[in-house]
Amino acid sequence: MRLGVLTGGGDCPGLNAVLRGLVRRGVNELGYEFVGIQNGYDGLILPDLTMPLGLAQVRGILPKGGTILGTSNKADPFNYVMKEGGKTITKDMSDVVLKRIKALKLDGLVCIGGDGTLTMAHKLAERGVKIVACPKTIDNDLSGTDQTFGFDTAVNVISEAIDRLHSTAEAHQRVMVVEIMGRNAGFLTLEGGIAGGADFILIPELPYDVEKIVAHLLEIYETRKKFAIVAISEGAFPRGGAQAVQAKADEIPGRGVVRLGGSGKVLADLLAPHLEAEIRVTVLGHLQRGGSPSPMDRVLATMYGAMVLDLVRDGKWDHMVCLRDGKLGFSPLAESRKERQVDPHGDKVRLAKSIGISFGV
Ligand code: F6P
């Protein structure tokens, strides 16, 4: 069995751990051979983007962030952005991908990615490519699994950042707003906010009410302490308002989704006229995606990498590995690639509210 392997979408702590788990089990136990496809789906479209992927290449990569294969969150084989006659156009390059897979003599493809990469993987599977997948994203927003690797590491970063912001908040009696990634899902803000002891957790699933936040802030300052921490998702927005967008989908060729950012500044501007306390905004940005994976993510990623080969061995194509109720398993790509959001009526939101955390609603 000769398998191509690619990592697609934004980088994420644990990608290298998956590659290591995959190659070590594949080579040692199953006698498989691997070809590294570089820079996501670009590696199946552009020339000379493959690399050897054997035991030597995966040695020592477990604690490393990023991906030794490189990645791309713009290379969509079905809407590939290219220049033709001086113009930027999009073209269906899936035939090129099919030919390249044949030319590389691949028996199958392992795709490691989030909703975008997995959607493309599913579409290629529909065109007959033998594909299996591993779910990655710091956002944890894939419907087919309870947990993606990368999420735990990012929550650790957020929690530590909020711990650190407490110093300035307390010393200067400020309102510290911290903007957290996650696109349209509030999982990172919810868990990072609870772990860091935030006073407010504002997520896209619960559009916030500025008056409610002002009233609660004034109560905190008058009755309890002279500072506050507001954890806000990049995708959060005021009730009746809209998400803060850095770039619209059609401004980023190939990407297909908006680039969010600026929700913290929007909130600060809305709060400022009502407060005497100073407000400062910290955008955590890509710090949340970088660095060494946490032990929990290393374990999950290693398990995913090793286990995805069960799917190959059993010919269960068009599926991905997943974690459900604490147990490893499999789910069909057609369903699992879809986005999911925080349940606003779920236990975590309910219990966070019960200990006095405000969701601004
Ligand atoms: O999906 C992961 C993620 O980090 C999101 O949380 C964020 O909205 C997006 O990627 C940022 O993408 P980029 O690295 O292209 O700015």
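In the predicted model, glycine 85 has a relative accessibility of 82% and therefore counts as exposed, the threshold for that class being over 50%. This glycine is placed in the loop that joins strand S4 (80–84) to strand S5 (87–91). Glycine 85 and valine 258 are separated by 173 residues in sequence, and their C-alpha atoms lie 27 Å apart in space.

Threonine 117, by contrast, has a relative accessible area of 5% and is therefore classed as buried, a term that applies under 20%. The residue belongs to helix H4, which spans residues 115–126. When neighbours within four places in sequence are set aside, the contacts of threonine 117 are with Leu6, Gly8, Gly9, Tyr41, Cys111 and Ile112.

The domain assignment of the protein chain gives two entries, of which domain 1 is made up of residues 2–149 together with 293–336, while domain 2 covers residues 151–290. The centres of domain 1 and domain 2, taken over C-alpha atoms, are separated by 32 Å. To the contact between them, domain 1 contributes 22 residues and domain 2 contributes 18 residues.

The packing of two helices, H5 (residues 151–172) and H6 (residues 187–196), was also examined; their axes come within 8 Å of each other and cross at roughly 45 degrees. Because this angle falls neither under 35 degrees nor in the range from 65 to 115, H5 is described as oblique to H6. The crossing in which H5 passes H6 is right-handed. On the side of H5, the contact is formed by Phe151, Ala154, Val155, Ile158, Ser159, Ile162, Asp163 and His166, and on the side of H6 by Phe187, Leu188, Glu191, Gly192, Gly193, Ala195 and Gly196. Sorted by class, the residues in this contact of H5 with H6 comprise eight that are nonpolar, five that are polar and two that are charged.

Lysine 353 is located in helix H11, which runs over residues 347–354. With a relative accessible area of 40%, lysine 353 is assigned to the partly exposed class, because this value lies between the 20% limit for buried residues and the 50% limit for exposed ones. Apart from residues up to four places away in sequence, lysine 353 touches Phe359 and Val361. Lysine 353 and isoleucine 201 are 152 residues apart in sequence, whereas the distance between them in space, from C-alpha to C-alpha, is 9.6 Å.

How values were computed
Residues numbered from 1 in each chain as written. Predicted model: local features only at pLDDT ≥ 70, side-chain atom pairs only at ≥ 80, totals over all residues. Heavy atoms only, no water. Axes fitted to C-alpha atoms, helices over the stretch in contact; angles between N-to-C directions. Helix = DSSP H or I, 4+ residues; strand = E, 2+ residues; numbered from the N terminus. Parallel < 35°, antiparallel > 145°, perpendicular 65-115°, else oblique. Left-handed = near helix turned anticlockwise from the far one by under 90°. Contact = heavy atoms within 4.5 Å. Nonpolar A, V, L, I, M, F, W, Y, C, P; charged D, E, K, R; others polar. Buried < 20%, exposed > 50% of the residue type's maximum accessible area, 1.4 Å probe, protein only. Domains from an automatic or database assignment.
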